[in-house]
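Hi everyone, thanks for coming. I'd like to walk you through a structure that's probably new to most of you, so let's put it up on the screen.

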Amino acid sequence: MNYNKICVIGLGYIGLPTASTFAMHGVETLGVDITPAIIETLNRGDIHIHEPGLREAFTKALQSEKFRASLKPEEADAFIIAVPTPFKGTETGSFNDITYKLADMSAVIAAAESVVPYLRKGNVVILESTSPPRTTIDLVAPILEKSNLKAGIDFHLCYSPERVLPGQILRELIENSRVIGGVTPESAKAGADLYSIFVKGQIIQTDATTAEMVKLMENTYRDVNIAVANEFSRLADKFGVDVWEAIPIANLHPRVKILSPGPGVGGHCISVDPWFFVEAAPELTPLIYHSRQVNDAQPHFVVDVVKRSLGSLQGKKIAALGLAYKPDVDDLRESPAAEVVHILQKEGAQVLACEPFKPDAKLPGITIAPTLDDAIRDADAILLLVRHTEFIELTAETVAQKTKARTAIDTVNGWDVAQWQNAGFHLVKLGSGKPPQ
Ligand code: SAJ
């Protein structure tokens, strides 16, 4: 199929890099978003998100005169829907003794509805948003069919998940393998033709529900793996074993790949997606459910370690290093580090946080110090929550000169115990087999 013009609906972390990449590859691309401020920003040549390489890619897309941004779709050869699918704020479902979160599909519904007036025979529509199984067939197809065109007959419909890692989106969009699930094999083929414009990795064609499951399986597998790593770290503390030594040894086994323990699992993907399976079939997913519970409980576990390290939290001043959901990104969504800070404060501690990637972030109830030095100066303890390179490269001697704290708690294996002890710190490391008494 020939693609002269496409419409990308949703210009966030995935939509904007995807639209820019298509435009850079010579396809006339209309980027659509419902937020006027985003459209204004883009049309004046600026971008609203931080992602390495995105500014350069977007500038190239603009210079090629192939990219425009608008509040409304237009007729096009293909429509790509890349809008968020978070979970609903307060509404939950329940089954037996478990309560689970529900996917909020309102943005997908609105995006599909916005395409209806512009849908023509022979078009291709692709859903990229992470979605519960059968969303493409049961939710999106009926909406698009309000156009009086039939999915798989008059127009092609596919599900193709994004699988890129924040921080490496531009490179991974092109190099990663891509799965395209069609409502018919012809739809999958049409979707594969579209992405082959820039994808250099393998393009695998399958059916839409398989593609939806593949995406959820990938992130669920990672969540379950991290949950077991977190349990291993608790067990290691109990048995006097250093989990940071034990995991790399176990991983020497050719068929074992245990991920790293930490303060919990955050972000808008891994901490969210497993719930889509639980919501779809709570009776079939006890392991997935309990893994979510383990990872969600990890911030409480960290607070308990801090409490035991300091005797009590009441009135204690704690410098929390890192608020992002993972190392070297500025994304604070669903961050376990922020959750740790909230719980510490609830238990009476006074926390000053430091987030070098977003020093001016506004998180309700959390005070962010302008600099690392300000955060640690008067602290009773320093708590390392995110493995940002800048924190890992700190030397204990330098820190010792800038703070009155002599207790440090490392939840991510960022610091060397001997080095910090030599500089006069009592360093407690999560999972090191030497938990505070
Ligand atoms: N984490 C650990 N231990 C680890 C690895 C991660 O505690 O060993 C934590 C991180 O600190 C973070 C969370 O897990 O809080 C998630 O981080 P991540 O790097 O595992 O994943 P994301 O959410 O940034 O991106 C994932 C990726 N999925 C997989 O690697 C299977 C990415 O490829 C997907 O595109 C993305 O989800 C998505 O959008 O679904």
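Let's jump straight into a loop, the one that runs between strand E11, residues 317–321, and helix H12, residues 336–346; Asp328 sits in there. Before I go on, keep in mind that this is a predicted model.

So what about the backbone at Asp328? Its phi is near 55 degrees, which is a positive value, and Asp328 is a residue other than glycine. And is Asp328 buried, exposed or partly exposed? With a relative accessible area of 35%, Asp328 counts as partly exposed, because that class covers what lies between under 20% for buried and over 50% for exposed.

Now, where else can we see a positive phi? Have a look at Asn413: not a glycine either, and phi is about 55 degrees. You'll find Asn413 in the loop that links strand E15, residues 407–410, with helix H16, residues 417–422. Asn413 has a relative accessible area of 23%, so this one is partly exposed.

Okay, let's move from loops to a pair of helices. Helix H4 covers residues 106–115 and helix H5 covers residues 135–144, and the two pack with their axes 8 Å apart, at an angle of about 30 degrees. How do H4 and H5 run relative to each other? Angles under 35 degrees count as roughly parallel, and therefore H4 and H5 are roughly parallel to each other. The crossing, where H4 passes H5, is right-handed.

Which residues do the touching? On the H4 side we have Val108, Ile109, Ala112, Glu113 and Val115, and they meet Leu139, Val140, Ile143 and Leu144 of H5. Sort that contact by class and you get 8 nonpolar residues, 1 charged and no polar ones.

Let's zoom out to the whole protein. There are 16 helices and 16 strands in its secondary structure. Along the principal axes, the C-alpha atoms fill a box of roughly 70 × 50 × 40 Å. How does the radius of gyration fit with a compact globule? For 437 residues, such a globule would come out near 22 Å, and the protein has 24 Å, which agrees.

As for the inside, 55% of the 437 residues are buried. And if you take contacts between residues at least 6 apart in sequence, 72% of them join residues at least 24 apart.

That's my tour, so over to you for questions.

Note on methods:
Residues are numbered from 1 along each chain as its sequence is written. This is a predicted model: local features need pLDDT of at least 70, side-chain atom pairs count only at pLDDT 80 or more; totals for chains, interfaces and linings use all residues. Side-chain values use heavy atoms; hydrogens and water are left out. Axes are lines fitted to C-alpha atoms, for helices over the stretch in contact, and angles run from 0 to 180 degrees between N-to-C directions. Helices (H or I, at least four residues) and strands (E, at least two) are DSSP runs, numbered from the N terminus. Angles under 35 degrees count as roughly parallel, over 145 as roughly antiparallel, 65 to 115 as roughly perpendicular and the rest as oblique. A crossing is left-handed if the near helix is turned anticlockwise from the far one by less than a right angle, and right-handed if clockwise. Contact means heavy atoms within 4.5 Å. Ala, Val, Leu, Ile, Met, Phe, Trp, Tyr, Cys and Pro count as nonpolar, Asp, Glu, Lys and Arg as charged, and the others, Gly among them, as polar. The radius of gyration is taken over C-alpha atoms; the globule rule is 2.2 Å times the number of residues to the power 0.38. Buried means under 20% relative accessible area, exposed over 50%, partly exposed in between (1.4 Å probe, protein chains only).
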